[in-house]
Structure formats: C-alpha cells, structure tokens
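User: I would like to go through this model with you and ask what lies behind the terms that are used for it.

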Amino acid sequence: MGSQLAPAPLPPLPYRARPPQVLLGVGAVLLVSAGAAVASAYGGSLARALLLPLAAVAAGFAVRAARARLHSSEEVLAASATGLAVSAAGGGGSAFDDGGGATALLAVVFLVLHRAAPSTATWPMASWVAAQLAVLQFLDEVPDALRTSAYLGVALVGLDIALFGRPVVARLALLTTVPWWVAGVVSGSTTAWTGPGAERALSAVLVVGAGLGLVVVRLRRVLDPLTGPPRAAPVLAGSVGGAAVTGACSALGTAAVTSTGYAGVLLASVAAAVLTGWRRGLFLPLALAAGTVMTALSVGRLVAGQQWSALSVLLVLTAVPTVWVAVRRPDDRPLALPVAVGSLAGAALLAVPDGVLSPTSAAVALTALYAAAMAAGAELDTASRRATAVAAAVCGAAAILLVVARERPWVLAAVLAVQGTCTLLWAWRTWTTRHTADDAGMSRGAWRVGAAQLVAAAWVAAGSADVGAVEWFSLPAAAGLLLAAGPGLLHGSSWASWGPGLLVAAVPSTVLAVVGTDAPRTVAVLVAAAAVLVAGARRAVRAPLQIGAGTALALALGLSVRALPWPVATALVVGGLLLAVGARRERRPVAGFATRLADLR
C-alpha cells in the first residue's frame with residue numbers, strides 16, 4: 001500500500017487569485033484612479049455629473065452581483081462605487097459645499113446599500129469611513145466644549161461596530177477607532193481636571209464609557225490579535241477612567257477627594273471579593289486599575305494640600321474593605337492583610353501632625369496594632385503569617401521611633417516589653433502549629449527577636465532607674481539568651497541552648513562576689529548555683545549541672561584564696577597552674593616536653 005500524498009502547500013497570496021479576480025482588481029484601480037484624477041483636475045459640477053452616475057452604476061451592479069452570489073465581483077464593484085462617490089463628494093462645488101454634508105449623505109447611502117446587500121462587506125466599511133470623514137469635516141464648526149463629546153461619540157460608535165460587526169468590518173472599525181479613542185480620552189481627561197463644573201462631570205462620564213467599551217471589545221476573540229495582552233485593555237481603561245473621575249471630583253473640596261479615594265478602595269476591594277469566573281478575568285484588572293489610580297491620585301492631592309487628618313481618615317476607611325477581602329478570600333490574604341495593617345499604621349502616624357493624636361498616643365496605638373497583627377497572623381497559613389509579621393514589624397519600628405524621638409524612656413521600655421511578649425507568643429504559636437520548614441525557621445527567628453526586645457526593655461528600664469548593680473544588665477541578657485533558644489531548651493543540645501545564658505548570668509556575679517565584699521551577692525550566687533545544680537541533675541541536663549557545680553566551686557575556691565595571705569595564695573595559684581600545664585603536656589607533648597632531662601643540653 002502506498003503512503004498517502006501530503007497536500008501541496010498553498011502559493012503566496014498574490015498567486016492565489018484567479019484571472020477574473022485579476023481583471024476585476026485592475027479594472028477597479030483604473031476606474032477609481034481615473035475618477036480621482038477627473039475630480040482633482042476639473043472639480044465642480046462637471047466632474048460630479050460624470051462621477052456620480054458612474055458610482056451609481058457600479059453600486060447597482062454590485063447589488064446585482066451580491067444577489068447572484070458573485071462575491072469577488074460584488075466587493076470590487078462596491079469598492080469602485082465607494083471610490084468614485086467619495087471622489088465626487090470631495091470635488092467641491094455649490095451643491096456639496098456644506099462642510100461634511102455630502103460625505104454624511106454618502107455614509108447614509110452606503111448604509112442603505114448594506115441593508116440591500118448584507119453579504120457585501122464593503123458597504124458597512126464604506127459607511128463607517130464616510131461617517132468619520134464627515135465628522136472630521138464638521139470638527140471646525142463644533143464648539144470647544146463639545147469636542148470631547150464628538151471624539152468619544154465616534155469612538156463609542158466604532159467600538160460598537162467592532163463588537164457586533166462581521167470580523168473584517170470589526171477589525172477595520174477597531175483600527176480606525178483608536179485615534180478617536182486616544183484623542184477623546186486625552187481631551188476628556190484634560191477637561192475633567194481643568195474644565196468648568198458641568199463639563200468636568202460630562203467628560204468623566206464619557207471617558208469612563210469609552211474605557212468600558214474598550215473592555216467589552218475583549219469579548220470578541222477575532223479581535224484578540226489587535227487588543228494585545230489580556231490585561232492590557234482593562235488596565236488601560238481602568239487607569240484613564242479612574243484618573244478622569246478623580247479629576248472631576250478634585251474641584252469639589254477635601255471631602256470629595258477623600259470620598260473619591262475611598263470609592264477607589266471599595267471598587268478594588270469589592271471586585272476582588274465578589275467577581276468570579278470569566279467576569280473576574282475581564283473586569284478585575286479594570287477595577288483594580290481604576291481603584292488604584294483613584295486612591296493614589298486622591299492621596300497625592302491630600303498630601304499636596306497637607307490635609308493630614310483627611311488622609312488619616314481615608315487610610316482608616318481603606319483598611320475596612322481590605323480586611324473584608326482577607327476574610328472572604330484566603331488566597332488574597334498575603335496581600336490584603338499587610339495592606340490593612342499598613343493603612344492603619346499610616347493613619348496613626350498621619351494623625352500626629354494635626355494634633356489628633358500625640359506622639360505617645362500614636363506609639364501606643366501602633367503597639368496595639370502590632371499586638372493585634374501578630375495575634376491574627378499566628379493563626380494563618382505560612383504566606384499570610386509571614387506577610388502579616390513583616391507589616392507588624394514596620395508598625396513596631398514606627399512606634400519605637402516615635403517614643404525615642406520624644407525621649408520617653410519608661411514608655412519605650414513598656415512598648416518594647418509589650419512587643420517582645422507578643423513576638424514570643426507569636427513564635428510559640430507558630431512553632432506549635434508549624435506545617436513546613438519555613439514555619440520552623442520563622443519561629444526560631446521570632447524567638448530571638450522577642451528575646452532581644454525584652455532585653456532592650458529591661459536595659460532601658462534599668463538605665464532610666466539609674467541602678468548600678470551589674471545584675472540589672474547581666475541577668476536580662478542571660479534571660480534573653482535562654483529565651484532566644486526557644487524550644488531548644490527542651491529538645492536541643494544543652495550546652496548550645498542553656499550554656500550561653502547560664503554563663504552570662506553566672507560569670508559576672510561570681511567574679512564580683514569573689515573580688516568584692518558584698519555578702520548578699522555571695523549568698524545569692526551560691527543559692528542560685530545550688531538551685532541550678534539540683535535542677536540540672538533532676539532533669540538530666542548537662543549544661544545546668546556543670547555550670548552550677550562550676551560556679552559553686554569557683555566561688556568557694558575564690559573566697560578561700562582571697563582569705564589566705566598573699567604569699568600562700570600566690571603559691572596556691574602558681575601550683576595549680578603548673579599542675580594543669582603539666583597534665584596537659586603529658587597528654588599532648590610538644591617540642592621539649594617529651595625529652596628526658598638527661599638529654600637536655
């Protein structure tokens with residue numbers, strides 16, 4: 001059995017035409033070129049008297065060819081009739097010397113021919129092109145206040161044709177609509193920001209309508225190659241619409257600007273929480289772009305006007321729908337929760353310049369927000385937990401900076417203590433509910449951060465109280481090192497987890513007890529060492545056992561050496577050092593130590 005032959009490849013486009021189509025094309029070019037030349041050279045009634053009958057004849061034959069289903073003939077004849085009629089309309093003369101009246105009449109005629117021969121694609125395209133030419137001819141007579149309406153009106157008609165017309169007509173309509181759309185959006189946006197009150201509102205409405213029309217066109221798959229990436233048209237439409245609306249409202253005062261910004265937040269939040277399916281893919285980028293632009297421009301206006309209280313209110317209102325989105329859509333929590341926390345933090349900070357909150361009150365509010373964010377984030381998934389912790393950290397840092405700037409050490413100590421406690425609780429909760437290695441890593445880091453916050457709080461408090469005992473600084477540091485070990489205190493190596501903290505607690509106090517004359521310190525060190533020694537033995541943990549025993553022995557030896565006369569104490573110390581060095585070098589001899597005395601020189 002022979003293999004099936006593959007079909008022959010199609011020839012290039014010009015070579016696919018048949019002889020009749022070549023004849024039709026050449027004839028149409030010659031006919032229209034001759035008509036244009038006559039109109040250009042002679043013009044007036046003579047040229048029109050010659051061209052219009054030819055156009056009518058060509059149109060009649062085009063309709064007959066359409067009814068006979070001669071597709072090539074109907075399209076070529078219709079194009080010839082269009083070229084001749086447009087040449088006649090542009091030839092000047094009294095009968096047609098009324099701006100765009102002749103061209104507008106041609107647009108109507110072509111539309112009637114489209115109704116008579118719906119299969120001919122040339123008629124609707126000719127009608128659309130003629131309508132655009134008529135508008136261009138009328139533009140000089142249109143008042144400046146209505147220019148935007150003219151531009152965007154043509155653009156909306158073109159988008160409507162692109163949405164419902166046959167594919168070839170839709171593509172042509174979309175391509176020819178782009179200049180009108182751009183001109184209308186630029187003119188409308190300018191009017192929305194700088195025009196009188198009524199014109200501002202009308203321009204904003206028209207720009208929003210033009211943007212929505214551009215988005216709806218995305219529903220036609222045949223136009224996908226012309227509309228670019230799926231999100232490009234919705235984002236562009238939302239951006240220009242949001243900017244126009246903000247501009248129209250900006251002249252109405254601070255309250256209107258604040259309301260516009262909040263409307264942008266609501267638009268983005270509600271769309272993110274409600275839209276599903278294909279509507280979400282089509283309209284969510286539009287809503288997000290419009291809401292973001294409206295909010296950003298409103299914030300910029302408020303900042304430029306130094307309206308801090310209004311901006312603070314806007315940020316508080318922004319947090320409410322954002323939290324709602326986080327509750328309704330778990331997938332959006334890693335973004336929504338930090339935005340909510342950041343908005344509330346910004347509101348607290350911006351309430352300070354106008355005196356709504358004092359710096360100390362703002363620091364307290366930020367610390368409360370830190371605690372709430374850490375408590376809420378501890379119950380979430382890994383991504384949301386991390387994002388919320390980062391936002392809370394920013395709040396905590398802002399609270400600390402506010403208190404430091406006001407030089408309130410006791411308030412700073414309290415803020416650090418609260419933050420450290422919340423951080424440790426977050427670390428504990430994250431460790432007990434961990435699901436991934438990232439959770440464990442975040443928990444270990446949080447143990448260290450929380451311990452550092454508590455140590456800093458204790459040191460600030462000690463410095464403010466003007467206390468001189470070293471234990472006010474060494475014991476908080478020791479406790480911080482123990483807390484930083486976290487769950488390692490129960491499961492890890494005892495020297496890695498318990499050792500650093502116990503040594504920091506024991507060494508300074510033991511040295512001072514030996515060299516000083518403070519009997520209460522000596523008693524306290526001995527009691528603490530004994531307690532650690534017994535606890536280490538009871539729990540079978542090596543580091544506390546060894547450190548407790550070593551501390552008690554070192555203290556006892558130090559006190560004994562200090563009680564001896566200096567010569568005897570010196571002999572004791574030197575003898576001990578010699579014993580230690582001799583034992584070490586017997587185990588690990590080096591050059592000289594391994595040689596017999598008889599062999600020495």
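User: What makes the second largest pocket a pocket, and what is its volume?

Analyst: In this predicted model, where local features need pLDDT of at least 70, side-chain atom pairs count only at pLDDT 80 or more, and totals for chains, interfaces and linings use all residues, the second largest pocket has a volume of about 310 Å³. On a 1 Å grid over the protein atoms alone, a pocket is an open set of points where a 1.4 Å probe fits, with protein on both sides within 12 Å along at least five of seven lines, whereas a cavity is a set from which the probe cannot get out. The volume is the space filled by probe spheres set on the points, which are joined across faces, edges and corners. Residues are numbered from 1 along each chain as its sequence is written, and side-chain values use heavy atoms, without hydrogens and water.

User: How do you know which residues line the second largest pocket?

Analyst: Lining residues have an atom within 4 Å of a point, and of the 15 that line the second largest pocket, L475, A505, A506, A528 and A529 are the closest to its centre. Two or more lining residues come from each of α19 (471-485), α22, α23 and α24 (542-563), helices being DSSP runs of H or I with at least four residues, numbered from the N terminus.

User: Why is the crossing of α22 and α23 called left-handed?

Analyst: A crossing is left-handed if the near helix is turned anticlockwise from the far one by less than a right angle, and the crossing of α22 and α23 is therefore of that kind.
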